[in-house]
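Colleague: I've got a model open and I'd like to learn how to read it. Can you walk me through the strands and helices?

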Amino acid sequence: MSLIEISDLYYSYPGFEAKVLKGITVNIDKGSFTGIVGPCGAGKTTFSLTLNGLIPHLIGGKMTGSVVVDGLNTMEHPIADLSLKIGMIFQDPRAQLSGSGLTVEEEVAFGLQNLGVPREEILERISKALIDVGLSGFEERSPFELSGGEQQRLAIATVLAMEPDIFILDEPFAQLDPMGVEEVASIVGELNKKFGKTVILVENNTEILANFADRILVMEAGKIVADGSPREIFTDIEYLENTGVIPLQVTELAHLLKKEGKWDKEYPLTEDEALKEIKRIFFW
């Protein structure tokens, strides 16, 4: 069942004639985990902003075609309506904090208060969201005293509390250290597997996408140029390199071994898959 339906989508920013998005047509199913990859300037972030109505309502510009999210045409419905269906997480968690919340608890409450949610329900949603992202016990902490990974988890909690069905994450690991990446990646995976959310992750870290996504869209020059499973997309090393996407290390290793005539199996996506075949090649 398609939850998001995009048809013949074109877009150019205000004051510019050049199209940033060029004829995108794609459907995204309910409960799926879709990864979007592509080189810098491919239009990935722009595309994601059309899904929650920031384009065209807030940013403006010229948009044609249609984006329909759970029955709502984003060109016809305000951002407030779409925010009940879609939550968005950006690269910089600090930029996403409202600044109105002096504590973690107040930060999570901010969006709910604006919606007029009753106090008792707000408290219940705050508690559940903080437990879900592993920040229970942080209620009285200042959001700006948290680590980068904790701030990104808080940003996810603020969206979780709003209870949308769809999460869009635009390179949420870009400003995190390795520990923060591991923390947030596990939460992102749980959004789909544990909580049943439809997840769209804009991310060029192919290792993360290989672990969690069930579908990969490759964007280049404002178009979707490839659409397939992680195995279909990430095992085509030469295509990825030509597109400007960094291949998986284990898959790249297998590709090099194949050139030397030592690898005759399907390319691996995980370390476990690679290790099994490497043992066979070199030790057995």
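Modeller: Sure, and keep in mind that this is a predicted model. Start with the sheet: it is open, has four strands in the order β2-β1-β4-β5, and the pairing is antiparallel.

Colleague: Which are the edge strands?

Modeller: An edge strand pairs on one side only, and here that describes β2 and β5 (72-73).

Colleague: Over how many bridges do β1 and β2 pair?

Modeller: Strand β1 (residues 2-12) pairs with β2 over seven bridges, in the antiparallel sense. For one bridge to look up, take Y11, whose partner in β2 is L21.

Colleague: What lies across β1, β2 and β4?

Modeller: That's helix α1 (residues 44-51), which runs at about 125 degrees to β1.

Colleague: Now a single residue. Is N27 buried, partly exposed or exposed?

Modeller: Partly exposed counts as anything between 20% and 50% relative accessibility, so N27, at 37%, is partly exposed. N27 sits in strand β2 (residues 21-29). Leaving out residues up to four places away in sequence, N27 touches S2, I4, E5, I6 and R215. Its C-alpha is 6.0 Å from that of I6, although 21 residues separate the two along the chain.

Colleague: And the helix pair: why are α7 and α8 called roughly parallel?

Modeller: Angles under 35 degrees count as roughly parallel. Helix α7 (residues 148-160) and helix α8 (residues 178-193) pack at about 20 degrees, with axes 8 Å apart, so they are roughly parallel to each other. Their crossing is right-handed. Among the contact residues are I156 and L160 of α7, and I187 and L191 of α8. By class, the contact has six nonpolar, three polar and three charged residues.

Terms used:
Residues are numbered from 1 along each chain as its sequence is written. This is a predicted model: local features need pLDDT of at least 70, side-chain atom pairs count only at pLDDT 80 or more; totals for chains, interfaces and linings use all residues. Side-chain values use heavy atoms; hydrogens and water are left out. Axes are lines fitted to C-alpha atoms, for helices over the stretch in contact, and angles run from 0 to 180 degrees between N-to-C directions. Helices (H or I, at least four residues) and strands (E, at least two) are DSSP runs, numbered from the N terminus. Angles under 35 degrees count as roughly parallel, over 145 as roughly antiparallel, 65 to 115 as roughly perpendicular and the rest as oblique. A crossing is left-handed if the near helix is turned anticlockwise from the far one by less than a right angle, and right-handed if clockwise. Contact means heavy atoms within 4.5 Å. Ala, Val, Leu, Ile, Met, Phe, Trp, Tyr, Cys and Pro count as nonpolar, Asp, Glu, Lys and Arg as charged, and the others, Gly among them, as polar. Buried means under 20% relative accessible area, exposed over 50%, partly exposed in between (1.4 Å probe, protein chains only). Two strands pair if DSSP finds at least two bridges between them.
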